[in-house]
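Here are a few exercises to help you find your way around a new structure. Work through each task yourself, then check the steps below it.

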Amino acid sequence: PRWTQTTYHSDREHDAPLARATMSQLNEKLVQPRESSGAMPQNLSEARKLLINFVTMTVCFSLNHASVTSCIALATSSGLPGNLGSYSVAVLYACYVVTAMLFSQVIIFYCSQKGSLTGSLAVYALYVASYLVAALVESDTVKWVAVLFGASIGGIGAGVLWTAQGAYYSENARLYALAKGVTKEEATGYFGSIFACFYLGFEVLLKIIGSVVGLYATGDAAKYAIYILYTAIAIGSTVGMTTVRNMRAEDTVGGDGVTIEKIDMTKKVLSALKLLFTNAKCALMVPTNFAFGFAAAFITAYIQGSVVSPVYSDDGHTDDEVADSQSQHDARVLLYSSIAVGVATAMSMPFFYLKKQAGTAVVMVLGAICFVFVAAMSYALDDGELRHALWIVYIVYGCGRSIWESTTKAVFADFFPDDPQAAFANIVLQSGLASTVAFFVFPDLSPLQKEVILGVTATLGAICFSIASFIHQGEEKAKEVEGGYMSVNDDNQV
């Protein structure tokens, strides 16, 4: 190269300053990665405190969220009047989508990350308590008001909670990385493993505990024992969240030069809609996200509401017999629901390795087949026969959920690397909209209609993903060719 030739032919007086500058730059490049790699711990005491703080936040978050998901599992099977259970979950999803897309950043700006986390868990606790109120009162009107009010504020809390958790998670990991002397990527990965362990573990554990309580509770206690347990856990975890560290003002949403005037409430939803309507790949992913939303509603609103086990009516049975049958039903619902969560957790790594060996398309099609299988099993067997094969249904559904939670989200990251916020906003928008519609509509449809909707949507999801993948591969090849031409052109210019 010309610059090396010039250097070799320069005199020593001219080269000395250049050599010193070059060595200085080289030392900076060599030293900086070593410092960021975490070879030398900076403050182990502070790192330990930050780790304990994150674990505390994770435990409180996971316990509270597990109590909520347990109540959602029981919503359509808990003896609520009419279609209240299904409608309440629809309201929950609707409020979640609207809040997450429009208002979450503003709320976090004013309340801080810790305040938003604590407040969200508090309204989550009210959502859980609304089911306890419905179990204690006799008036159907009061049941409707209590549960729908709880679902509304619970959905708002959910929309803020996940945004605040992500921000708090990131900041806690950043501070831990500085104190420990590791890279932020290492800290984030470590914290991610901790969070996943507690989050999924507590969801399985609380559903199993609720199932045991339902099996052994009898008489009047059977009506509300489970909800007393979950309400107490939700309240306790909310109190626990008040003990976590309050990140400095400059580390919160509004602390890095962002003012409330700079927060565009419509940016997330508009960017999501723009990507949806202008990018064919995003539009083609709609059936996949709808299939997951429909599958969740199919399991919760239909299988858990009507198939899991019969519940006695007041005709010909005493109040204790009716309560006991309802308690037994709730116990089975929680047990089957825990199977789905457990399978989804256990299968995440096997599907990851399958993706590496066989490719993303194979795993995505397998996920669609799982949802088609659930619909086909329901169609092929009557309620009595299906009741004896539900463990198979929940295992297969858990596999489908595992693929959607991991591989599908990874696909969005791969498809839209230049606009990840809009991409992941589309996941929230599409799956949330599907769940909202399904929980509102499914109670008025026949089993056959629900089975057809789920089966057809999942099949379309596999087909449309294949087309989207084909488009993406074409785009990647075009980029490679364009990059190759650019390299040639650059070399010619040199």
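**Exercise 1.** Is E405 buried, partly exposed or exposed? Then find its salt-bridge partner.

*Solution.* Keep in mind that this is a predicted model.
- Step 1: E405 has a relative accessible area of 34%. Buried means under 20% and exposed means over 50%, so E405 counts as partly exposed.
- Step 2: Now look for the partner. E405 forms a salt bridge with R401, and the closest N and O atoms are 3.7 Å apart.
- Step 3: Check where the two sit. Both R401 and E405 belong to helix α15 (residues 390–415), 4 residues apart, which is about one turn of the helix. In general, an α-helix has 3.6 residues a turn, so residues three or four places apart point the same way.
- Step 4: Compare the burial. R401 has a relative accessible area of 17% and is buried, while E405 is partly exposed.

**Exercise 2.** How many salt bridges does the structure hold? Describe the one between E171 and R174.

*Solution.*
- Step 1: The count is 5 salt bridges.
- Step 2: In this one, the side chains of E171 and R174 meet at 2.7 Å, N to O.
- Step 3: Both residues lie in helix α5 (residues 140–180), 3 residues apart, about one turn of the helix.
- Step 4: E171 is buried, at 9% relative accessible area, and R174 is partly exposed, at 28%.

**Exercise 3.** Which residue forms a salt bridge with E475? Work out what the pair links, then explore the surroundings of H472.

*Solution.*
- Step 1: The partner is K281, with the closest N and O atoms 2.8 Å apart.
- Step 2: E475 is in helix α17 (residues 447–493) and K281 is in helix α9 (residues 280–284), so this pair ties together parts that are 194 residues apart in sequence.
- Step 3: K281 is buried, with 2% relative accessibility, whereas E475 is partly exposed at 33%.
- Step 4: Helix α17 also holds H472, which is buried at 12% relative accessibility.
- Step 5: Setting aside neighbours within four places in sequence, H472 is in contact with K281, D414 and F415. There's K281 again, the salt-bridge partner of E475.

**Exercise 4.** At roughly what angle do the axes of helix α8 and helix α16 cross? Say what kinds of residues make the contact.

*Solution.*
- Step 1: The axes of α8 (residues 267–278) and α16 (residues 420–441) come within 8 Å and cross at roughly 90°. That makes α8 roughly perpendicular to α16.
- Step 2: Pick out the contact residues. On the α8 side they include K267, K268 and L273, and on the α16 side they include Q421, A425 and L429.
- Step 3: Sort the residues of this contact by type, and you get 8 nonpolar, 4 polar and 2 charged.

**Exercise 5.** What is the span of helix α13 from its first C-alpha to its last? Name some of its buried residues.

*Solution.*
- Step 1: Helix α13 (residues 360–380) has 21 residues and reaches 30 Å, close to the 30 Å expected at 1.5 Å a residue.
- Step 2: Among the buried residues of α13 are V363, M364, F371 and M377.

**Exercise 6.** What is notable about the phi of S112?

*Solution.*
- Step 1: Most residues other than glycine have a negative phi.
- Step 2: The phi of S112 is near 75°, a positive value in a residue other than glycine.
- Step 3: S112 is found in helix α4 (residues 84–136) and is buried, with a relative accessible area of 18%.

Conventions. Residues are numbered from 1 along each chain as its sequence is written. This is a predicted model: local features need pLDDT of at least 70, side-chain atom pairs count only at pLDDT 80 or more; totals for chains, interfaces and linings use all residues. Side-chain values use heavy atoms; hydrogens and water are left out. A salt bridge is a side-chain nitrogen of Lys or Arg within 4 Å of a carboxyl oxygen of Asp or Glu. Helices (H or I, at least four residues) and strands (E, at least two) are DSSP runs, numbered from the N terminus. Buried means under 20% relative accessible area, exposed over 50%, partly exposed in between (1.4 Å probe, protein chains only). The expected span of a helix is 1.5 Å times one less than its number of residues. Axes are lines fitted to C-alpha atoms, for helices over the stretch in contact, and angles run from 0 to 180 degrees between N-to-C directions. Angles under 35 degrees count as roughly parallel, over 145 as roughly antiparallel, 65 to 115 as roughly perpendicular and the rest as oblique. Contact means heavy atoms within 4.5 Å. Ala, Val, Leu, Ile, Met, Phe, Trp, Tyr, Cys and Pro count as nonpolar, Asp, Glu, Lys and Arg as charged, and the others, Gly among them, as polar.
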